[in-house]
Amino acid sequence: ERQRLIDSTHFFIQIDGEAAELFAHRLGAAMTGLGYRIVPSADQAAGLISGTFWFQPLILDNPNVKFVRALADISIIDMDTQTQIAAFSENIRKGHVDENEARRKAVDQLAQQTAADILQTMGAIGMTAGHRDAEQP
């Protein structure tokens, strides 16, 4: 039973919103780097990472730097029961002389931050990629 749970820790990522495809791709790469498997369809997944991603322009007192805030509302859903395991909101601010570069950096960092939060959430329920954190009675 334990091995089945470990082997089924596969996620499908479904993100909507502005730059959603880029964020989902970066989040998938970050999750893979943490040891999780990202699958191409929801019916192959034990968990669904769903949510919305968007940018918010920031006007700060620095005319030489363009700032953006990247935001994401994320839910983790157990695919068998359709139960929400966790939900959280993330945001990060980045600046650069080029707005596109600021956006890219914000997407990259927010994806890393979100993956780390998912890892922490999975650890809190006793499962990480590749192993159980604690023996279950």
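**Exercise 1. Pairing of strands E3, E4 and E5**

Which residue in strand E4 is the bridge partner of Gln-56? Determine also the sense in which E3 pairs with E4, and the sense in which E4 pairs with E5.

*Solution.*
Step 1. In this predicted model, the bridge partner of Gln-56 in E4 is Arg-69.
Step 2. E3 and E4 are paired over 12 bridges, and the sense of the pairing is antiparallel.
Step 3. E4 is also joined to strand E5 (residues 83-96); there are 13 bridges, and these two strands run antiparallel. A pair of partners illustrates this: Ile-76 has its bridge partner, Ala-86, in E5.
Step 4. The connection between E4 and E5 is a hairpin with 4 residues between the strands. Gln-82 lies in the turn.

**Exercise 2. The pairings of strand E1**

With which strands does E1 run parallel, and how many bridges are there in each case?

*Solution.*
Step 1. Strand E1 covers residues 10-17, and 2 bridges join it to E2 (residues 37-38) in a parallel arrangement. Phe-11 has Ile-38 of E2 as its bridge partner.
Step 2. E1 also runs parallel to E3 (residues 47-58), to which it is joined by 7 bridges. Here, Gly-17 has Phe-53 of E3 as its bridge partner.
Step 3. Taken together, E1 is joined to E2 by 2 bridges and to E3 by 7 bridges.

**Exercise 3. A residue in strand E3**

Is Ser-50 buried or exposed, and with which residues is it in contact beyond its neighbours in sequence?

*Solution.*
Step 1. Ser-50 is placed in strand E3.
Step 2. Its relative accessible area is 17%. Buried means under 20%, and Ser-50 is therefore buried.
Step 3. When neighbours within four places in sequence are set aside, the contacts of Ser-50 are with Gln-14, Ile-15, Asp-73, Ile-74, Ser-75 and Ile-77.
Step 4. The contacts can be placed by residue number: Gln-14 and Ile-15 fall in E1, residues 10-17, while Asp-73, Ile-74, Ser-75 and Ile-77 fall in E4, residues 66-78.

**Exercise 4. The length and faces of helix H2**

Which span should helix H2 have at 1.5 Å a residue, and where do its buried residues fall when seen down the axis?

*Solution.*
Step 1. H2 comprises 14 residues, 20-33, and should span 20 Å. The expected value rests on one less than the number of residues.
Step 2. The C-alpha atoms at the ends of H2 are 20 Å apart, which agrees with the expected span.
Step 3. The buried residues of H2 are Ala-20, Phe-23, Ala-24, Leu-27, Gly-28, Ala-30 and Met-31. Seen down the axis, they fall within an arc of 165 degrees, so they line one face of the helix.
Step 4. Glu-21, His-25 and Gly-33 are exposed on the other side of H2.
Step 5. The buried residues pack against strands E1, E2, E3 and E4 and against helix H3 (99-124).
Step 6. Just after H2, Gly-35 has a positive phi of about 105 degrees.

**Exercise 5. Positive phi outside glycine**

Where are Ala-19 and Gln-82 found, and what is the exposure of Ala-19 and of Gln-82?

*Solution.*
Step 1. Ala-19 is not a glycine, yet its phi is positive, near 60 degrees. Its place is in the loop between E1 and H2.
Step 2. Ala-19 has a relative accessible area of 28% and is partly exposed.
Step 3. Gln-82, likewise not a glycine, has a positive phi of about 60 degrees. Gln-82 is in the loop between E4 and E5.
Step 4. The relative accessible area of Gln-82 is 54%. Exposed means over 50%, and Gln-82 is therefore exposed.

**Exercise 6. The whole protein and its confidence**

How many helices and strands does the protein have, and where is confidence lowest and highest?

*Solution.*
Step 1. The protein has 3 helices and 7 strands. Their order from the N terminus is α-β-α-β-β-β-β-α-β-β.
Step 2. Of the 137 residues, 39% are buried. The protein exposes about 7,700 Å², of which carbon and sulfur atoms supply 48%.
Step 3. Among contacts with a separation of 6 or more, 65% are between residues 24 or more positions apart.
Step 4. The mean pLDDT is 85, and 85% of the residues reach 70 or more. Confidence is highest in E1, at 96, and lowest in strand E7 (residues 131-132), at a mean of 37.
Step 5. The pLDDT is below 50 over residues 1-6, a stretch with 8 contacts in the model beyond near neighbours in sequence. It is also below 50 over residues 130-137, where the corresponding number of contacts is 11.

Key:
Residues numbered from 1 in each chain as written. Predicted model: local features only at pLDDT ≥ 70, side-chain atom pairs only at ≥ 80, totals over all residues. Heavy atoms only, no water. Pairing = 2+ DSSP bridges. Buried < 20%, exposed > 50% of the residue type's maximum accessible area, 1.4 Å probe, protein only. Contact = heavy atoms within 4.5 Å. Areas by Shrake-Rupley, 256 points an atom, 1.4 Å probe, with all protein chains shown as cover. pLDDT = per-residue confidence, 0-100. Arc of directions from axis to C-beta.
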